[in-house]
Every structure is written in C-alpha cells, then in structure tokens.
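Colleague: I'm new to this one, so could you walk me through it while I have it open?

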Amino acid sequence: SNEKLLLNLSFKIGIIIISIYSLEDSMINDSMMLYKLMILYMLSNVNFPISNSQLSDFFLGAGYTDYSNLQQALVELVNTKLISMESTHNSSRYSISSSGEQTLEYLNNKLSTTITNDIDTFLTNNKLRMRNEASSSASYYKSENGSYIIHFEVREGKEILLGLDLTVPDKEQAARMCDNWDRRNKEIYQFIMLKLISNKDN
C-alpha cells in the first residue's frame, strides 16, 4: 500500500541521514586526530617551546585548518597531558610530554610524507626565528597584598639561564615592564651578566 511505501521510504531516508552524520563525525574525528599528531610532530622536532602564534603560522598559512580547530586540538592535547602549556602575559607556549612522545611514536605512520615534509620545511625555514622568540618570556600575577609580581626568564632551549622576580605596585607597570622585556631582554641579560662577572666596582 501507499502507506507502507511511505513508511519504508521514511525509514530508508532516516538510515541515510544517520549514516551521513556518522560519516561526518568520523571525518571530524579523523581530522582532529590528524591535527593533534601534526602538533606532536612539530613539538617533537624542536628543543624549545612553540607558541600558539607560531603553530597558527603553520596550520593557517599552509591551509591545513582554521584557528578554531587548532585551538580545540591544543586544548584536548593539554587535557590529555600529551603536551604541556605555559602562559605568559601575551602568549601560550607548548612542549611535548613523554606521553606525547610515546603516542607519536605509536601513531607516526598516520602522517603522510607530504605532511611531514611540509612541517620539516616550515621548521627549517623558521627555526632560528622561533628559537629566538622562545628564548625569553615574561609574565605577571597579582600577589596577596595587592601588588604585582613579574617573572622574567631567559632560556637556551629548555634550560633556564636566568630567572628573575620583581614586585611592582600596579598592573599597568607590570604590563609595561613585560613589553619592555620582550624588546630588550638580550640587552638586559648581557648587562646583568657583565655586572656579575666583572671585578670592577663601577
């Protein structure tokens, strides 16, 4: 009867719709897994933290995904402890964990040669700039007495060469000093080292 035909047709359409949604979910999951593996691969091939903006330069510049998907992949990697994150006053930086290294080793074959070549080329062309950007950081937080504590760092790879804490009375001054550190950290570090090494009184 026409009623049975309509019921059968509705059932088949429903199955098709469910299949399409399942396929879309699978594709989304596969894509997200790929983004995560790409991030792990990038982090495993440098000896310094990579910033959010540096990761964005590659993923968005090469057209692999958009900003939203990249941020989701990073959040999920941090939540599962495959990468660690450190925040400064104006950026976030990521490093791969031992669990992340093990995961990458297990799933490395999921990355195509084209993808790894793209990442390798990006790192080769930008590693020096990226290392220089990662060599210093400054962040601040509000203390219990209402003042602000600024933490400055200079690094060589993952090794901390200088760590310095200063207390200032307000947030504006803390932010300004962090900005100045970003621009002048090498000059300041050299000055401190020369003064500490020198035997002269002036």
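Colleague: Which residue stands opposite Ser-51 in β3?

Modeller: Bear in mind that this is a predicted model; in it, Ser-51 stands opposite Arg-93 of β3, and β1 and β3 run antiparallel, joined by two bridges.

Colleague: And how many bridges are there between β2 and β3?

Modeller: Strand β2 pairs with β3, residues 92-96, over five bridges, again in the antiparallel sense; among the partners, Ser-84 is matched with Ser-95, while Met-85 stands opposite Tyr-94.

Colleague: What order do the strands take in the sheet, then?

Modeller: The order is β1-β3-β2, and these three strands form an open sheet with antiparallel pairing. The edge strands are β1 (50-51) and β2 (83-87), each of which pairs on one side only.

Colleague: Which helix packs on the sheet?

Modeller: That is helix α3, residues 67-79, which touches β2 and β3 and whose direction makes about 110° with that of β2.

Colleague: Is β3 mostly covered or open, and what about its two faces?

Modeller: Strand β3 is mostly covered, with five of its five residues buried. On one side these are Ser-92, Tyr-94 and Ile-96, and on the other Arg-93 and Ser-95, so both faces are covered. In a regular strand the side chains alternate between the two faces of the sheet.

Colleague: Changing topic, how many aromatic pairs does the structure hold?

Modeller: The structure holds four aromatic pairs, and ring pairs link Phe-58, Phe-59, Tyr-64 and Phe-122 into a cluster.

Technical notes. Residues are numbered from 1 along each chain as its sequence is written. This is a predicted model: local features need pLDDT of at least 70, side-chain atom pairs count only at pLDDT 80 or more; totals for chains, interfaces and linings use all residues. Side-chain values use heavy atoms; hydrogens and water are left out. Two strands pair if DSSP finds at least two bridges between them. Helices (H or I, at least four residues) and strands (E, at least two) are DSSP runs, numbered from the N terminus. Contact means heavy atoms within 4.5 Å. Axes are lines fitted to C-alpha atoms, for helices over the stretch in contact, and angles run from 0 to 180 degrees between N-to-C directions. Rings of Phe, Tyr and Trp (its six-membered ring) pair if their centres lie within 6.5 Å; planes under 30 degrees apart count as stacked, over 60 as edge-to-face and the rest as tilted. Buried means under 20% relative accessible area, exposed over 50%, partly exposed in between (1.4 Å probe, protein chains only).
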